[in-house]
Amino acid sequence: MTQIDKSKPVMVTGANGYVASWLVKKLLEDGIHVHAAVRNPQDHNKHSHLVDLAKRSKGSLTFFKADLLTPGAYKEAMEGCELVYHTASPFTTDVKDPQKELIQPAVYGTEYVLLTANDVSSVKRIVLTSSCTAIYTDAIDTVNAPGGMITEAIWNTSGSIDYQPYSLSKTLAEKKAWEIAEAQDKWDLVVMNPSFVMGPALNPKHTTSESMNTLKLMAKGDMRFGAPKMGVGVVDVRDVADAHYLAGFTPEAKGRYITSAHNSDLLEMGTVLRPKYGKSFPLPKKALPKWLVMLVGPVTNKLFTRRFIRNNIDIPWRADNSKIKKELNMSFRPLKETMEDSFQSMIDAGVIKAG
Ligand code: NAP
């Protein structure tokens with residue numbers, strides 16, 4: 001049982017990120033002083049939305065400069081904090097050198113942040129943003145899991161440097177976190193495992209998260225002839241922020257939490273947008289047959305390898321989210337609301353335009 005004193009500052013690594021920005025908003029609205037650790041505090045484009053949020057909230061914000069690849073870089077930001085959120089980790093599929101661009105910042109970053117916590121006497125709890133990809137690589141893994149769905153008891157065993165290296169980066173980083181946590185008893189670790197995060201960005205023009213790219217592709221018409229029925233879990237970014245908040249401040253929070261609202265697929269994500277946006281945007285109407293994806297997928301998108309298509313297209317994605325609902329009292333927004341709000345925020349920001 002860990003009680004966090006809300007009068008003490010709370011640290012958030014990667015505070016400007018898509019997910020972290022909503023968490024920072026929530027903390028600021030609760031009157032908390034946030035220590036926002038970012039790579040480059042001078043980059044106004046990436047952080048001005050947080051400054052604006054702080055001006056309108058009860059809480060306050062101080063920026064600290066820190067990079068995941070520098071040992072000890074987060075120490076100054078951590079001083080005085082009882083609660084640390086470690087969200088920073090690269091989330092992109094567009095990499096040339098996965099070891100350098102994904103694995104090293106994810107694993108070394110986690111190691112450095114958690115080891116620093118051993119030296120900062122104030123720290124009582126660390127909430128790590130892991131991912132459902134630390135549990136599974138392909139939708140087929142969820143179907144093949146005991147009971148036909150993934151649970152917090154399962155670890156990803158199929159991600160590799162050559163196949164879905166992002167999943168490997170999150171798996172290795174979370175394993176490292178548990179190893180460091182179990183070797184001490186000064187602070188406890190709570191891990192969030194979100195599925196694919198959707199929902200409005202607080203800084204849509206400058207959000208680089210992979211989450212935004214799927215919507216950009218749909219808006220551009222890349223799926224006008226159909227979307228692959230690719231099994232995926234979806235959760236709203238605002239719900240992910242709420243879940244992080246609850247994980248930080250619920251004394252009994254413990255272990256891993258699958259943070260996923262909907263067992264869905266890419267086609268459903270597109271079709272729920274059609275009633276509102278189907279007239280103005282070339283959104284997908286029907287499923288692309290698997291044989292066609294096999295034929296054209298590998299040519300049009302380097303992620304769509306034969307192995308990926310075999311293991312994800314026309315395969316349902318299933319996760320058990322009962323632990324977070326029961327222990328953190330979480331409830332989730334409907335998929336339609338999440339998708340519509342995501343799309344609208346990108347339209348409002350001029351990131352996507354009707355054709
Ligand atoms: P994002 O907007 O790209 O945020 C990633 C954050 O990590 C950014 O603040 C980024 O800083 C920071 N970062 C990356 N490399 C860094 C480095 N070397 N040193 C310091 N900071 C670094 O992506 P996101 O979607 O919000 O992801 C946030 C977390 O959620 C990640 O841990 C991700 O794995 C996890 N997650 C995301 C999803 C999803 O669907 N979005 C699902 C499950 C889990 P810069 O802005 O300076 O690059």
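## Exercises on salt bridges and a small sheet

In helix α13 (residues 322-327), K323 and E327 are four residues apart, so about one helical turn separates them. Keep this pair in mind as you work through the exercises below; the model is a predicted one.

**Exercise 1.** Find how K323 and E327 interact, and decide whether E327 is buried, partly exposed or exposed.

*Solution.* Start with the side chains: K323 forms a salt bridge with E327, and the closest N and O atoms are 3.7 Å apart. That distance passes the criterion, which asks for a nitrogen within 4 Å of a carboxyl oxygen. Next, look at accessibility: E327 has a relative accessible area of 40%, so E327 counts as partly exposed. To put the pair in context, the count comes to 18 salt bridges by this rule.

**Exercise 2.** Classify the two partners of the salt bridge between E79 and K75 by accessibility.

*Solution.* First, the contact itself: the side chains of E79 and K75 meet with an N to O distance of 3.8 Å. Then take each residue in turn. E79 is at 40% relative accessibility and is therefore partly exposed. K75, at 34%, is partly exposed too.

**Exercise 3.** Describe the salt bridge between D265 and K229, and say where in the chain each residue lies.

*Solution.* Begin with the distance, which is 3.0 Å from N to O. Now locate the partners: D265 belongs to strand β11 (residues 262-265), while K229 sits in the loop between β8 (227-228) and β9 (231-236). With their positions 36 residues apart, the pair links distant parts of the chain. Finally, check accessibility. Buried means under 20%, so D265, with a relative accessible area of 11%, is buried. K229 is partly exposed at 35%.

**Exercise 4.** Work out the strand order of the sheet that contains β11, and identify the edge strands.

*Solution.* Three strands form an open sheet in the order β7-β9-β11, with mixed pairing. β7 (196-198) and β11 each have a single partner strand, so they stand at the edges, and one side of each lacks a neighbour in the sheet. From one strand to the next, the twist averages 50°.

Now zoom in on one pairing. β9 and β11 run antiparallel and are joined by four bridges. For V232, the bridge partner in β11 is S264. To finish, add the helix: α14 (residues 335-348) packs on the sheet and touches β7, β9 and β11. The direction of α14 makes about 65° with that of β7.

**Exercise 5.** Which residues are linked with D5 in a network of salt bridges?

*Solution.* The network links D5 with K8, E82 and K124.

Technical notes:
Residues are numbered from 1 along each chain as its sequence is written. This is a predicted model: local features need pLDDT of at least 70, side-chain atom pairs count only at pLDDT 80 or more; totals for chains, interfaces and linings use all residues. Side-chain values use heavy atoms; hydrogens and water are left out. Buried means under 20% relative accessible area, exposed over 50%, partly exposed in between (1.4 Å probe, protein chains only). Helices (H or I, at least four residues) and strands (E, at least two) are DSSP runs, numbered from the N terminus. Two strands pair if DSSP finds at least two bridges between them. Axes are lines fitted to C-alpha atoms, for helices over the stretch in contact, and angles run from 0 to 180 degrees between N-to-C directions. Contact means heavy atoms within 4.5 Å.
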